[in-house]
Amino acid sequence: MSFKKRISLLSAAVALCYGAVQAAETGAQPWMNARLDAGERAGLAVAQMTLDEKLKLVYGYLGADMDNKKTKRPEEAYKQSAGFIYGVPRLGIPNLYETDAGLGVASQAGPDARAATALPSGLNTAATWDVKTAYEGGAMIGAEARGYGFNVVLAGGVNLMREPRNGRNFEYAGEDPLLAGKIVGAQIKGIQSNRVVSTLKHFALNDQETGRTTLNVKIGDQAARMSDLLALQIAREEGNPGAVMCSYNRLNGVHGCESSYLLNEVLKKDWGFKGWVMSDWGAVHSTVPAANAGLDQQSGMPFDLADYFGPPLKEAVLNGWVPQARLDDMVRRILHAMFEHGVVDHPVAPAVQSIDFKANAAVSVKDAQQGMVLLKNDAKLLPLNKSVKRVAVIGGYADRGVMAGGGSSLVYPAGGNAAPELTPKTWPGPVMIYPSSPLKAIQARLPGATVVYNDGKDAAAAAKLARDSDVVVLFATQWTGEGFDMPNLSLPDKQDELIAAVAAANARTVVVLETGGPVTMPWLPKVSSVLEAWYPGTGGGEAIAGVLFGEVNPSGHLPATFPAAESQLPRPALDGFPEVADRRFDVNYHEGAAVGYKWFDLKGLTPLFPFGHGLSYTDFALSDLSAGVKDGVLSASFTVKNVGKVAGKEVAQVYVAPVGARWEAPKRLVGFHKAEVAPGGAVKATISVDPRLLAMYDSASKTWRVAKGDYKVILAADASDKRAVSQVIKLEAAVYDVHGKPLRTSKR
Ligand code: GLC
């Protein structure tokens, strides 16, 4: 064959291939062209859909049978799963398989719960003050979700801790918008690194469980934007979640899932959110108002009282009450997230994949150990000395395992519940004890000692054992969960009396708390050490023992203030408690944006333990603060020295307090850095400050406005640090858009 012939054949073949590729990309299904951007692909796909196909995508089912409503899950939905939405196979759009939630792959109650790895509580991860740990935990649970065939994880809860008695505090990240937003944003990013969608929730101001579906939160726009909404905004910016879940509560009289202010104005218009808004399960109350207010998908039928986004939505679109363009926008948003986060291009496997539970448990243990907070250790009883001969281990089901929180986020462990007899066994139960025994982990570390367990039910017997021991490790638990709040901040089941009796018998007592949030401690002066272990997750027993014996130096710092008493709270009595079903009541957030330590500062209150508090087995010194403004950005450099004898990690916190201007409270956290420092060593660090944290939000102009004047930059180890160092700097007046981007700096 002549050279010329060969060339012409070759060029014909190349043209053919290109044409085929082109056809694949622009022919039958152009939206499948991964080279196009998500928005373009979504638009192309929507244009091909029939009305009924669009309506399928905006209607979600509970992925479980509902006995009380005599309904069954769709057969395509995974058993005992949170949610399921039909895709459009004709167009290559997969079904959506939804799982809860922020602590791992949860299961609805029933005989076939998936065994999965549970992270420690969200408060524990927030207490690490380490976005890398938060990301790794998210990446792990996102991988397990994909391994089980889920492509939507309903994780990303970041409701601020306005109410320390809130039953769901364990799922969230504490009281400060910056810390909570950064931590949850990192978790969302980690989850979505597995090409699944994560879900920022609950949008918004769903900060207590009592009356959650009937209460009405009252708060102004400015205060909301500078507190709960700021936490959500930062988490969205950091994590770029594909979905947002609107909340049960009313806000200023309007339900979260039909609040045009929240959904259309704040989330979609102001913040530019391109993904979709799903309802919480049972949070939809209308068709036309909800659809036109910005709800894009009804979730979890039959949780709602009606099929709002079923036939009624079809009728509303056909008769024009819901514009066709609005329905198209709903579907486009769902598809945008599916294309953007890899759900279409990387479909989940139909069969369960192999999951490395051993490696995943190690991720959970590491998170737990980085987030446990050493609250007190005056006599340096911790770390425990391995030469000790007689150890009493008391209470907290420590012979069997560690506590987990209740509700939709509950992850069922391999090995099952170590205390199946506990009640309530049904929603919001079961009361789960993960089979990771602190007692066994302690015994394994003290082969030559006598380690005796007492369940703590009889305080006198426990005290007698304590008296006959060299050291006591007493575990105290507080079960919290979704759907209910704590009646007070006291430990339940007479544990305060137990601790007092044991400490009176032996002052060499270490109290390990497994709680869902802050608790009061009337016995605090009587005990030697207190370790807040939160809900420590799958390997919690090992995690706790590792810290008790100093294998890991504790480095957690409180993500929330521990009040000394309920009387210190903005609402000493919890509104609506105890719950009278279906009763509407107002919760007036008169504290505005002064949440947590900001409230304590504003009122001059002294908490039991301040926000940011956390001790170590070594000692640190913070020094060499140097703050300044460059190109309009405030930054602060400093040194963290380890002046003790063992390696450890310190959380350096930077606060700012206006000297002249008035904010909602005396100071705000504006930055933080967790530094690992060798004994005798020093680490330098620099943080930069988001201008929104130096500004007041102006509702009329939707801008963040920094007042000209003096500001005190404070370098501290907690919000009440007496050793804090500070420096006064000058800020020029400046205006930033709703995202915190500079608009103009006025020299006046
Ligand atoms: C629950 C929760 C929500 C959860 C959903 C699905 O009621 O409020 O956080 O993701 O329903 O279980």
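Modeller: A residue is buried when its relative accessible area is under 20%, exposed when it is over 50%, and partly exposed in between (1.4 Å probe, protein chains only). By that rule the buried residues of helix H16 (residues 495-505) are Gln 495, Asp 496, Leu 498, Ile 499, Val 502, Ala 503 and Ala 505. This is a predicted model, in which local features need pLDDT of at least 70 and side-chain atom pairs count only at pLDDT 80 or more, while totals for chains, interfaces and linings use all residues. Residues are numbered from 1 along each chain as its sequence is written, and side-chain values use heavy atoms, leaving out hydrogens and water.

Colleague: What makes H16 a helix, and what covers its buried residues?

Modeller: Helices (H or I, at least four residues) and strands (E, at least two) are DSSP runs, numbered from the N terminus. The cover over the buried residues of H16 includes S13, helix H15 (459-467), S17 and S18; it is judged by contact, meaning heavy atoms within 4.5 Å.

Colleague: Why is strand S17 called largely enclosed?

Modeller: S17 spans residues 471-477, and 7 of the 7 are buried, so the rest of the structure largely encloses it. Val 471, Val 473, Phe 475 and Thr 477 point one way, Val 472, Leu 474 and Ala 476 the other, and all are buried. In a regular strand, side chains alternate between the two faces of the sheet.

Colleague: How do you know which strands pair with S17?

Modeller: Two strands pair if DSSP finds at least two bridges between them. Strand S13 (residues 390-394) runs parallel to S17 and is joined to it by 4 bridges, with Val 391 as the partner of Val 471. S18 also runs parallel to S17, through 6 bridges, and Ala 476 stands opposite Leu 513. Both counts meet the minimum, so both are pairings.

Colleague: What makes S9 and S20 edge strands?

Modeller: Each pairs on one side only; S9 covers 254-255 and S20 covers 586-588. They belong to an open sheet of 4 strands in the order S9-S8-S6-S20, with mixed pairing. Within it, S6 (residues 216-218) and S8 (residues 250-251) run parallel and share 2 bridges, which is the least that the definition of a pair accepts. There Val 217 stands opposite Leu 251.

Colleague: How do you know that Glu 514 has no salt bridge?

Modeller: A salt bridge needs a side-chain nitrogen of Lys or Arg within 4 Å of a carboxyl oxygen of Asp or Glu. Lys and Arg count as positive, Asp and Glu as negative; His and the chain ends are not counted. The nearest side chain of opposite charge to buried Glu 514 is Arg 400, 11 Å away, so the 4 Å limit is not met.

Colleague: What does the side chain of Glu 514 reach instead?

Modeller: The backbone nitrogen of Met 403, at 2.9 Å. A polar contact is a pair of N or O atoms within 3.5 Å; within protein, one must be able to donate a hydrogen and the other to accept it, and residues adjacent in sequence count only if both atoms are side-chain atoms. Glu 514 lies in strand S18 (residues 509-514), and the residues it touches include Val 402, Phe 475, Trp 534 and Ile 544.

Colleague: Why is the pair of Arg 162 and Glu 591 said to tie parts together?

Modeller: Their closest N and O atoms are 3.0 Å apart, which makes a salt bridge. Arg 162 is in the loop between strand S4 (152-153) and helix H6 (177-192), and Glu 591 in the loop between S20 and helix H18 (597-603), so the link joins parts 429 residues apart in sequence. Arg 162 is buried at 4%, and Glu 591 at 6%.

Colleague: What makes the partners of Arg 225 salt-bridge partners?

Modeller: Asp 221 qualifies at 2.9 Å, N to O; the two are 4 residues apart in helix H7 (residues 221-225), about one helical turn. Glu 265 qualifies at 3.9 Å. Glu 265 lies in helix H9 (residues 260-270), so this pair ties together parts 40 residues apart in sequence. Arg 225 is buried at 3%, whereas Glu 265 is partly exposed at 29%.

Colleague: How do you know which residues count as near the ligand?

Modeller: One heavy atom of the residue must lie within 4 Å of the molecule. 13 residues surround the ligand, the closest being Asp 100, Lys 201, His 202, Tyr 248 and Asp 280. Polar side-chain atoms lie 2.9 Å from a ligand oxygen for Arg 168, 2.8 Å for Lys 201 and 2.7 Å for His 202.

Note on methods
Lists of a residue's contacts leave out its neighbours within four places in sequence.
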